Amino acid sequence: MNIASARLIDGKAYAAEIRQRVRSGVELLSEQGKKVSLTAVLVGGAEAARVYAANQAKTCSEVGIEYRLLELPGDTGQEELHRQLHRLAEDPLVTGIMLHLPLPSTLNAQQAQYAIDVIKDVEGVNPANIGHLLYGHPIISPCTASAAVGLIESTGVPLRGAEACVVGASRIAGRPISLLLTERGATVTLCHIDTHDVAAHCRRADILVVAVGKPGLISGRDIKPGAVIIDVGINRRADVDAEGNRIHRIVGDVDFDSAREVAGWITPVPGGVGPVTVAMLLSNTLRAARLAHGVDHVW
Ligand code: NAD
């Protein structure tokens, strides 16, 4: 039997292109004596968060971005956290700011995100930046949303007039993705936990983005033949390898094997949206630095 197979959307290759563009942009600024400098704030960092920050430092240095980690004790209060974020906003040597999540349970993450300077907010999490998306004038867009939409555009499949379905409506993924797709002329259905018959919406979609966090939520029978499938989900699933050892695999929200037989294009997990999200953080950091140095403009 000859089973059709979707084309893979290679997130690693696309991320490498973005990193190359960022490297060139950082070099250009550097030739004019302008630095690109990201400060990441970590409150009460567990070991895993420090490892993540160390990886981030390495990724930044590879493209010429200066990376600083500001570690605050776990008992830091909300006001002190805001004071530190405001201090970074005013520091001309800091061109980008990000706040590692999760915060200790005593702190309110959303309130803290308001305190991140809008221009230096490299993750695009300040509600003002989400608002700018709504108005169609993004200053800095959330990294995962830009990654998902960038990967769709990399296929060359037109968005204008396309039927798009986004499953998952979080503030950081699904909602901004739906705004960016709307801005590009797609007709967007945004599904969430209370949506009746999610599969019926998915089956109409030329472009399907799934950002929920439930492995296998969407399978081949829920997909329109030839559709572009962007799987944002990252889930750890217990499995057994060929030697019978218990292992954990990273899987998306889409059942890859059945989806691949129906879709036209599909992102793998891992190797799809994940690496592009990391690259988008670098791209946003360059954009923030260009804004801070007056080389780029908000409007
Ligand atoms: P979230 O928990 O904040 O939001 C989940 C959304 O899914 C909610 O809107 C909820 O209403 C909806 N939902 C839950 N069950 C549903 C169902 N059965 N049918 C339809 N909708 C349902 O999650 P999040 O932070 O947006 O993350 C979603 C997934 O994306 C997670 O697996 C996360 O790890 C992953 N993620 C990946 C990246 C990346 O870079 N690839 C970045 C961020 C998040």
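**Ligand environment and the position of Lys58**

In this predicted model, the ligand is surrounded by 22 residues, of which Ala169, Ser170, Lys214, Ile234 and Thr277 come nearest. Sorted by class, the shell around the ligand consists of twelve nonpolar, nine polar and one charged residues. Helix H10, spanning residues 273-292, supplies the largest share of this shell, with three residues.

Oxygen atoms of the ligand take part in polar contacts with both backbone and side-chain atoms of the protein. On the side-chain side, a polar atom of Thr277 is placed 2.8 Å from a ligand oxygen atom. Backbone contacts are found at Ile234, where an N or O atom of the main chain lies 3.0 Å from an oxygen atom of the ligand, and at Ile193, whose polar backbone atom is 3.0 Å from an oxygen atom of the ligand. The ligand taken alone exposes 850 Å², and the protein buries 71% of that area. Ile234 and Thr277 thus appear both among the residues that come nearest to the ligand and among those in polar contact with a ligand oxygen atom, through the backbone for Ile234 and through the side chain for Thr277.

A separate description concerns Lys58. This residue belongs to helix H2, which covers residues 47-62. Lys58 is classed as exposed because its relative accessibility, 52%, is over the 50% cut-off. Between Lys58 and Leu42, the C-alpha to C-alpha distance is 17 Å, with a separation of 16 residues in sequence.

Methods
Residues are numbered from 1 along each chain as its sequence is written. This is a predicted model: local features need pLDDT of at least 70, side-chain atom pairs count only at pLDDT 80 or more; totals for chains, interfaces and linings use all residues. Side-chain values use heavy atoms; hydrogens and water are left out. A residue is near a molecule or strand if one of its heavy atoms lies within 4 Å of it. A polar contact is a pair of N or O atoms within 3.5 Å; within protein, one must be able to donate a hydrogen and the other to accept it, and residues adjacent in sequence count only if both atoms are side-chain atoms. Accessible areas come from the Shrake-Rupley method with a 1.4 Å probe; for residues, only the protein chains shown count as cover. Helices (H or I, at least four residues) and strands (E, at least two) are DSSP runs, numbered from the N terminus. Ala, Val, Leu, Ile, Met, Phe, Trp, Tyr, Cys and Pro count as nonpolar, Asp, Glu, Lys and Arg as charged, and the others, Gly among them, as polar. Buried means under 20% relative accessible area, exposed over 50%, partly exposed in between (1.4 Å probe, protein chains only).
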